[in-house]
Amino acid sequence: MMQNLNANLYKNRRFLPVAATIVLFVIAYALGAFFYTGMREVHTFLTLFITSPFLLLSAIGETFVIISGGIDLSVSGMIALTSTASAALLRAGWNPWVVMPLMVAMGAVIGTILGVLITYMKVQPFIATLAGMWFTRGICYIISDAEIRIYDPVYKLLSGTKLLIPGLSDPVTKKGDYVTILVVFSLIIFAIAIYIAHYTKFGRTVYSIGGNNGANEQSARLMGLPVDRTKVLVYTFSGVCSALAGIVYSIYVGSGHGSHASNGYEMIVIASVVIGGTVLTGGVGYVFGSLFGVLVTGLIQTLIQFNGTLSSWWASIAIGALTLVFIGIQSLLVNLNTGKSGGLKSPATVEARRRQLLSFGIGAVVVVVLALLVVPFIQNAINKSAETSTSISTRCQRQPFRPDQAASLIKDGAVIAYERNGGQKCVDELYAIYPDGRITGDNGTQKIEKQVTTAEVDKLLLDIDNYGWFTDNMYTTSHNPCEACYTYFTTVSYKGQQKTVEAVDGGTDAPPEYFYITGDFTVLIPGFAPAP
Amino acid sequence: MKQSKSFFDLRKITESKIFYPTVALFLILLFDLIIIPGFFHLEIKEGHLYGNLIDILRNSAPTIVLAMGMTLVIATGGVDLSVGAVMAIAASTACIMLNPNLIGLKLADVTKEADPTYSASPLLLVFLVPLIIAGICGLWNGILVAYGRIEPMVATLILMIAGRGIAQLVTNAIKIIIYNNTFLEIGNGWVFLLPFALYIAAFVFAIAWFITRRTSLGLFIESVGINSRSSFFSGIDEKKIKLFAYVFCGICAGIAGLIAVSSIRTSDANEVGLYFELDAILAVIIGGTLLGAGGRFSLFASAIGALVIQATTTSTLALGVPASAIIAVKAVVVIVVIILYSRQVQDFVRKIVGQTKPMESKS
């Protein structure tokens, strides 16, 4: 029995990292569902997909590049550039159906240039794509220093449309569990990528190039495969995927800016691909695994949010630790395949390595699960020791909301009362927008006033209504905010209806429409002079 | 006869590692001289020199320090992506030791918070402990690379991803403002007309130069980078050599982190050392050490490489390009540099200066 299992395991060892990822995902999700009732809902599971279509698209392109033995750091810059360029073109009045193919073409061109540099000029992939990342991000700021919001109806339609899942939703009231068009789109590209990877000449050539420290590339060349052309095409493909991810990103966040997808987005993409079982030295990996890599990184963030007491930076530590675990599994696998470091590949060594690998894999899963359980306790202890001391716990203290003041503003005839707290400088700003176009702001110490046209206020109110402010889709969320995040408290009074919704930035559980609305506010409201 | 002798010299010059970075630096400064009026203006104010040139020297200090460690790592055939994150860890550690009150971990006299002479721990420890921790980070990388046989880019990627999280863990994600005057001197002080950070960079350079060029360590590092297997057979403990390079690189990152945090006066785990790993690698590449292949290295050329990067940044700023768009200019510089170093161009240069045999491909 054990012998049989061992033999099977050895035969299918290539699937081991992917299998480990899937097992890890299932165990972690099950644990989460055990501790937090909210995670038992189908909605939470779907949110993993809804919040990461762009990550999946980037990961698909990155998987191909890594399998071919390269690396692509330009994915994050490409997202920023695509979002900024498309937002700028849409603002200039271009047709969105022209803009989107144009962006894909731009991605293909930039990817091809990088591929040519890497293949023919023999530039290290790391350096060339790094330059690509810098260049694309820099161009964003040359296009526009400020964030450009997208008001295009097609983009809003694509982001706002909910595809209700039959059986889990009520088609009459249009409520229930749903996915977005973006999710479906990313999954279609995902399916196409799997087909390309395993059923086309191009895909098989990509696998044959990567791995074995460049020796496989040499063999592929000797076999007469079009190595150079394939290497360039891999980067072209990655560029197209990044451009698609950028379009999806700009639809998802409703704006374009050079700081989009920053803070190590490319590292999260690479980590997702590695966690998904692709070997960073190339040659081995599955596009299929990258989906689970993306889901696991998303799950880590979801778990941290549901926990509430954990700070968001635990996510980066957890992702780093997971990457280490999977790299460990992979390096053992590679040694197992080539019999490296032992020289001779005697059955005893193979047997020993197999056992080592198995115990390492099981040990890794156990460690990760234990860590998931232990970390909250450590965090609680840190928080307690911080709370019990009497000294100031933060340099700037998040101010509480002022619901009474907001209510009185509405009573005085304001149509919108909008409070924004927190952020880097712990602001505490309460704005009131009146139907005659008057906007007043109050940040506790000073007051400010601005006049806009009544048409602008009408359009804003209409937009808010269209985003479904007065439906159940706009619900209050108030998990623990992250360090520099804003919290919002917004009351809208329109056509005899009045509703207040609270939300927190940086969370994935708030409806995306909420942040379109706060984005619209940001354009209108006056800014306070910085505190001395 | 005389003609050929001078050609020979020219060839020797173009093959020196210092040639290309110096030419690049010269070209950038020449560009500044023509395009930007008053770029070379220097004046003495409050007892020290002011001007764009001094700015370049001062701001390049952390990159020079990083480049020293990175040169050794790249020379062994590796790379260290985690230096930026290690800088953040060292900076956070120093700040928490200076003033733990600010994150409320310790009951202490809060009125001392903004006192410019106050430090919770002895100042010597404030400087030493972050360096030791940075050394441990380097040790971690070194163990993964040398003994774990993991690809360097992959092994150091782990700390790069997790490092900033660890740095935030140290300070509980709170930005600590530094008030201590002595600590602020590292990044902002002046000694004999020149910024103090520059002396630190020179000191690190001197140490790196001494241990690699006055002992046989430098030769060992080069030999490990060229062929670690044959180095092993000729009696060099390649694992220990690699381990040393990573630990040294970690300590350099720690020093750079202290300089950086001292000059921005706030420990911000998300900002300290952001993208510095890229600058450091770039400096080494401009300095002519081959990324991914290792082998011969020149510390001095790497230091000039760091100056080239900073000169580009400063002159672009002086041109009025928005600070956030500078990376696009940097990218163009990178592309130009790597094309200059590509085999096609190198062969072309050799043809011009009279060498008939084309260079053998390194890979």
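Student: In this predicted model, which elements of chain B are included in what covers the buried residues of α7(B)?

Tutor: The covering includes α4 (83–98), α5 (123–147), α8 (196–213) and α11 (238–264), each of chain B. The residues they help to cover belong to α7(B), which spans residues 181–188, and they are F183(B), I186(B) and G187(B).

Student: How do you know whether these buried residues line one face of α7(B)?

Tutor: One looks down the axis of α7(B), where the buried residues fall within an arc of 85°, so they line one face of the helix.

Student: Why are α9(A) and α12(A) called roughly antiparallel?

Tutor: In general, two packed helices are described by the angle between their axes and the distance between the axes. Here the axis of α9 (residues 181–199) of chain A and that of α12 (residues 227–253) of chain A come within 11 Å and cross at roughly 170°. Angles over 145 degrees count as roughly antiparallel, and α9(A) and α12(A) are therefore given that description.

Student: Which residues make this contact, and how do they divide by character?

Tutor: From α9(A) come L182(A), F185(A), S186(A) and I189(A), while α12(A) contributes L244(A), V248(A), I251(A) and Y252(A). They divide into 7 nonpolar and 1 polar, with no charged residue.

Student: What makes the phi of K122(A) worth a remark?

Tutor: Most residues other than glycine have a negative phi. K122(A) is not a glycine, and yet its phi is positive, at about 55°. K122(A) sits in the loop between α6 (96–119) and α7 (125–143) of chain A.

Student: F192(B) also has a positive phi without being a glycine; where does F192(B) lie, and is F192(B) buried or exposed?

Tutor: F192(B), whose phi is about 45°, lies in the loop between β4 (190–191) and β5 (194–195) of chain B. The cut-off for exposed is 12 or fewer C-beta neighbours, and because F192(B) has 9 of them inside 10 Å, F192(B) counts as exposed. K122(A), by contrast, has 16 other C-beta atoms within 10 Å, a value between that cut-off and the 20 needed for buried, so K122(A) is called partly exposed.

Student: What is the predictor's confidence in chain B, and where is the pLDDT below 50?

Tutor: Chain B has a mean pLDDT of 82, with 89% of its residues at 70 or more. The pLDDT is below 50 over residues 106–110 of chain B, a stretch with 10 contacts beyond near neighbours in sequence, and over residues 357–363 of chain B, where there are 11 such contacts.

Methods. Residues numbered from 1 in each chain as written. Chains lettered and ligands numbered in written order. Predicted model: local features only at pLDDT ≥ 70, side-chain atom pairs only at ≥ 80, totals over all residues. Helix = DSSP H or I, 4+ residues; strand = E, 2+ residues; numbered from the N terminus. Arc of directions from axis to C-beta. Contact = placed C-beta atoms within 7 Å. Axes fitted to C-alpha atoms, helices over the stretch in contact; angles between N-to-C directions. Parallel < 35°, antiparallel > 145°, perpendicular 65-115°, else oblique. Nonpolar A, V, L, I, M, F, W, Y, C, P; charged D, E, K, R; others polar. pLDDT = per-residue confidence, 0-100.
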